[in-house]
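I opened a notebook on this structure to keep track of what I looked up. The entries cover empty space and cysteines.

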Amino acid sequence: MALWKPDPSFYPSAKMAMQAPPERHAYVAALHPQGSGKPDAICVVDLDPQSATYCQVVNKLELPYEGDELHHFGWNACSSALCPYAPHPHLERRYLIVPGLRSSRIYIIDTKPDPLQPQIVRTLEPEEVIGKSGYSRPHTVHCGPDAIYISAMGSANGDDGPGGIFMLDHFSFNVVGPWELQRGDQELAYDFWWHLAEDVLISSEWAKPPQFENGLVPEELLANKYGHRIHFWDLRKRKLEQSVDIGAHHQMLLELRPAHDPTKSYGFAGVVISTEDLSASIWAWRRENGQWLMEKIITIPPVPAEEDDLPPALKPFKAVPPLVTDIDLSLDDRFLYVSCWGTGELHQYDVSDPLNPKLTGKVAIGGIVGKKGHPKNAGPLLGAPQMVEISRDGRRVYFTNSLYSTWDDQFYPEGMGGWMVKVDVEEDGGMSLDPDFFIDFGEIRVHQVRLEGGDASTDSFCFSS
């Protein structure tokens with residue numbers, strides 16, 4: 001769908017996006033675990049404090065199939081459409097691109113004419129996705145200036161690598177094909193994002209489908225067979241330029257958050273666990289003398305625990321690892337949020353000086369051992385801060401508690417339901433749980449959150465703040 005003037009939710013710079021009106025609703029990926037007999041859904045949550053249904057699920061779009069395993073999703077178009085070389089500047093932020101990580105099916109969901117009543121308008125079946133892209137298990141979705149980009153964890157046969165990135169046409173949503181022309185030795189895939197102004201794409205590594213689909217494989221982890229490299233690509237030439245290995249014991253290099261200001265060529269990456277000491281870590285990348293460098297800037301240690309309090313997978317270690325599974329960067333590039341899904345904490349760091357971060361806030365909820373509750377919900381909570389999303393103005397942070405169905409069952413074997421909470425952020429740092437914002441999704445688990453009009457992990461900007 002094309003407009004005669006740019007979509008009003010597109011902004012040339014991150015600073016302009018921060019001045020946008022507050023979000024009124026969110027779309028939340030919700031899933032039923034395998035064997036439940038129920039399909040996944042996209043839930044619509046009311047975020048308007050003036051609304052009578054504030055802090056409630058106001059609609060649930062159930063998908064037609066079971067077992068998709070919704071995970072990450074994104075918009076068809078965003079502020080990158082205003083980049084100087086964008087061929088389609090009059091695209092409309094209208095459609096949600098929603099992959100099933102387990103099924104390899106992709107849903108195109110129209111959020112108009114009624115944003116509270118989204119509808120499926122097209123389904124890309126697994127045969128079409130795999131047949132045309134050569135990939136399976138679609139994961140991260142990014143709206144680029146020239147197409148919709150989607151990373152994938154598996155190859156066409158599903159059990160092998162390489163994973164990679166493929167593209168969808170902006171208008172027809174047809175699968176265009178694999179993005180890479182020369183991949184070198186890149187084999188594992190996970191997240192990706194870019195420095196658009198420098199024509200650089202960055203990708204990270206999780207694992208191949210057999211290493212995650214039925215849960216974490218302890219033998220593979222202890223053998224350091226999960227991903228530990230980051231890759232820097234020539235975005236225009238679609239070729240791998242440089243890979244950086246951060247050390248085999250740093251297992252599962254996942255989420256990537258480049259600076260939003262296009263004049264800054266640094267970014268942050270989260271690492272789930274070290275097999276040396278169970279710590280998690282945050283790394284920063286930067287370019288120096290033409291070479292990309294990675295530097296560990298934050299180490300989060302494990303917490304000792306009684307063996308009886310731990311799930312079977314952790315009993316031998318007598319400790320809870322932080323398990324950093326998501327990070328997110330505010331649009332002013334000032335605050336980095338880090339979810340510790342194991343210990344049940346959300347950390348806020350001031351990263352104004354990216355190589356010297358300062359811890360400025362922390363909230364605790366859930367956790368493998370702590371199981372800390374919420375003022376609006378009686379009793380302990382299972383799960384912990386997981387997918388994090390920041391409002392455009394940086395004053396509200398929303399997060400959910402589910403990672404991936406089989407991993408949920410491993411680390412929280414008591415049985416997890418879904419919940420979503422909100423954190424209020426002070427202007428100069430510091431944060432606190434909103435005691436009145438708690439959404440109980442019941443037996444359905446919730447993962448990524450997308451905010452109306454864009455958020456801190458959606459848009460890319462080509463003009464400086």
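**Pockets**

I looked up the largest pocket and found that about 310 Å³ of space lies in it. The pocket is lined by 18 residues, and Ser9, Arg24, His25, Glu452 and Gly453 are the closest to its centre. I note here that the model is a predicted one. Sorted by class, the lining of the largest pocket holds 8 nonpolar, 4 polar and 6 charged residues.

Next I turned to the second largest pocket, with a volume of about 220 Å³. I listed 17 residues in its lining; Leu216, Leu221, Ala313, Leu314 and Phe317 lie nearest the centre. Two or more residues of this lining come from each of α4 (218–222), β17 (267–274) and α5. By class I have 15 nonpolar and 2 polar residues for the second largest pocket, and no charged ones.

**Cavities**

How many cavities of 30 Å³ or more does the structure have? I got a count of 5.

The largest cavity has a volume of about 130 Å³. Its lining is made of 15 residues, and I noted Trp194, Leu196, Ala259, His260 and Phe461 as those nearest the centre. Strand β12 (residues 192–195) gives the largest share of that lining, with 3 residues. I sorted the lining of the largest cavity into 8 nonpolar, 3 polar and 4 charged residues.

For the second largest cavity I wrote down a volume of about 110 Å³. The lining has 13 residues, with Trp206, Leu254, Thr325, Leu403 and Trp407 nearest the centre. Both β16 (250–258) and α5 (405–411) supply at least two residues of this lining. The classes for the second largest cavity are 11 nonpolar, 2 polar and no charged residues.

**Disulfides**

I then searched the whole structure for disulfides and found 2.

One disulfide joins Cys78 to Cys143, with an S to S distance of 2.3 Å. Is this link right-handed or left-handed? The torsion about its S-S bond is about 115°, so the disulfide of Cys78 and Cys143 is right-handed. Cys78 sits in the loop between β4 (74–75) and β5 (95–99) and Cys143 in strand β8 (residues 135–143), so the pair ties together parts 65 residues apart in sequence. I checked the accessibility of both: Cys78 is buried at 1% relative accessible area, and Cys143 counts as buried at 2%.

The other disulfide is formed by Cys83 and Cys462, with sulfur atoms 2.0 Å apart. I read 80° about the S-S bond for Cys83 and Cys462, a right-handed link. Cys83 is in the loop between β4 and β5 and Cys462 in the segment after β30 (445–451), so this pair ties together parts that are 379 residues apart in sequence. Cys83 is buried with a relative accessible area of 4%. Cys462 has 15%, and I entered Cys462 as buried because the limit is under 20%.

I also looked up the order of the bonds. With bonded cysteines counted along the chain, the pattern is 1-3, 2-4.

**Cysteines outside the disulfides**

Cys43 is in no disulfide, and the nearest cysteine sulfur, that of Cys55, is 13 Å away. Why is there no bond between Cys43 and Cys55? A disulfide needs sulfur atoms within 2.5 Å, and those of Cys43 and Cys55 are 13 Å apart, so the pair does not qualify. I entered Cys43 as buried at 1% relative accessibility. Cys55, also in no disulfide, is buried with a relative accessible area of 9%.

Terms used
Residues are numbered from 1 along each chain as its sequence is written. This is a predicted model: local features need pLDDT of at least 70, side-chain atom pairs count only at pLDDT 80 or more; totals for chains, interfaces and linings use all residues. Side-chain values use heavy atoms; hydrogens and water are left out. On a 1 Å grid over the protein atoms alone, a cavity is a set of points where a 1.4 Å probe fits but cannot get out, and a pocket is an open set with protein on both sides within 12 Å along at least five of seven lines; lining residues have an atom within 4 Å of a point. Grid points are joined across faces, edges and corners, and a volume is the space filled by probe spheres set on the points. Helices (H or I, at least four residues) and strands (E, at least two) are DSSP runs, numbered from the N terminus. Ala, Val, Leu, Ile, Met, Phe, Trp, Tyr, Cys and Pro count as nonpolar, Asp, Glu, Lys and Arg as charged, and the others, Gly among them, as polar. Buried means under 20% relative accessible area, exposed over 50%, partly exposed in between (1.4 Å probe, protein chains only).
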